[in-house]
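Please open the model in your viewer and keep the sequence panel beside it. The tour moves from one selection to the next and says what is found at each stop.

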Amino acid sequence: VTDAGVPGISDPGLELVQACVEAQLTVIPIPGATAVITALSAAGLATERFVFEGFLPAKAKARQAHLHTLVQETRTLVFYESPHRLRETLDDLAHTFGNDRPLVLARELTKLHEEFWRGTIAQAQAHYQTQDPQGEYTIVVAGAVLQTPTLSEEHLLQELENLIAQRLSRSESCRQLAEATPLSR
């Protein structure tokens, strides 16, 4: 029993549940507050699809490498972060996702000093240069908005001619061009 989130969801608890299962003790979950869902539900960002990443790696290089794998992720991203690493994480988010990506910093959820801060990554960096981070944070970041390139008819015809010149059939050339663009065959 805990009043600090759901055990086993980025909190200790897995070992206890495994030991109970092994000892054939009944494990009964009782729905309660978990910061990831609490923050997401009140963030004001898209909720229909999201990715929970938990705590990012503590070491800067590993954290940056992990964030780089998420650059093209279009689903809303949710992270946990401690107050002593918040500024570094915000810097890494800016470097990886850009300054203008919307985010929400939710701290001390379901507790006395609960707070939601909303803005862009750059605004969060500026805010926390003058404000000391306090409490545990749940960071909710808007997913990437992927730009679909606009291709002129001339450009498409030129690409099609290039593929045909490589001795591909018209059908195969059209298929390859469709795979390389957001257009149907």
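Begin by selecting Arg-75, which is partly exposed at a relative accessible area of 28%, where buried means under 20% relative accessible area, exposed means over 50%, and partly exposed lies in between (1.4 Å probe, protein chains only). Add Glu-73, which is buried with a relative accessible area of 16%, and you will see the two side chains meet in a salt bridge at 2.7 Å, N to O; the term stands for a side-chain nitrogen of Lys or Arg within 4 Å of a carboxyl oxygen of Asp or Glu.

Before going on, note that this is a predicted model, in which local features need pLDDT of at least 70 and side-chain atom pairs count only at pLDDT 80 or more, while totals for chains, interfaces and linings use all residues. Residues are numbered from 1 along each chain as its sequence is written, and side-chain values use heavy atoms, with hydrogens and water left out.

Next, select residues 76-81, strand β2, in which six of the six residues are buried, so the strand is largely enclosed by the rest of the structure. Helices (H or I, at least four residues) and strands (E, at least two) are DSSP runs, numbered from the N terminus. In a regular strand, side chains alternate between the two faces of the sheet. Here Thr-76, Val-78 and Tyr-80 point one way from β2, whereas Leu-77, Phe-79 and Glu-81 point the other way.

Now show the neighbours of β2, bearing in mind that two strands pair if DSSP finds at least two bridges between them. Strand β1, residues 50-55, pairs with β2 in the parallel sense over five bridges, and Phe-55 has Tyr-80 as its bridge partner in β2. Strand β5, residues 137-141, runs antiparallel to β2 and is joined to it by five bridges, with Val-141 of β5 standing opposite Leu-77.

Return to Glu-81 and add Arg-85: their side chains meet in a salt bridge at 3.1 Å, N to O, and both residues are buried.

For the last stops, move to helix α7, residues 170-180, where Glu-172 and Arg-175 are three residues apart and therefore separated by about one helical turn. They form a salt bridge whose closest N and O atoms are 2.4 Å apart; Glu-172 is partly exposed at 24% relative accessibility, and Arg-175 is partly exposed at 32%. Finally, select Arg-63, Glu-88 and Asp-92, which are linked in a network of salt bridges. A search of the whole structure finds seven salt bridges.
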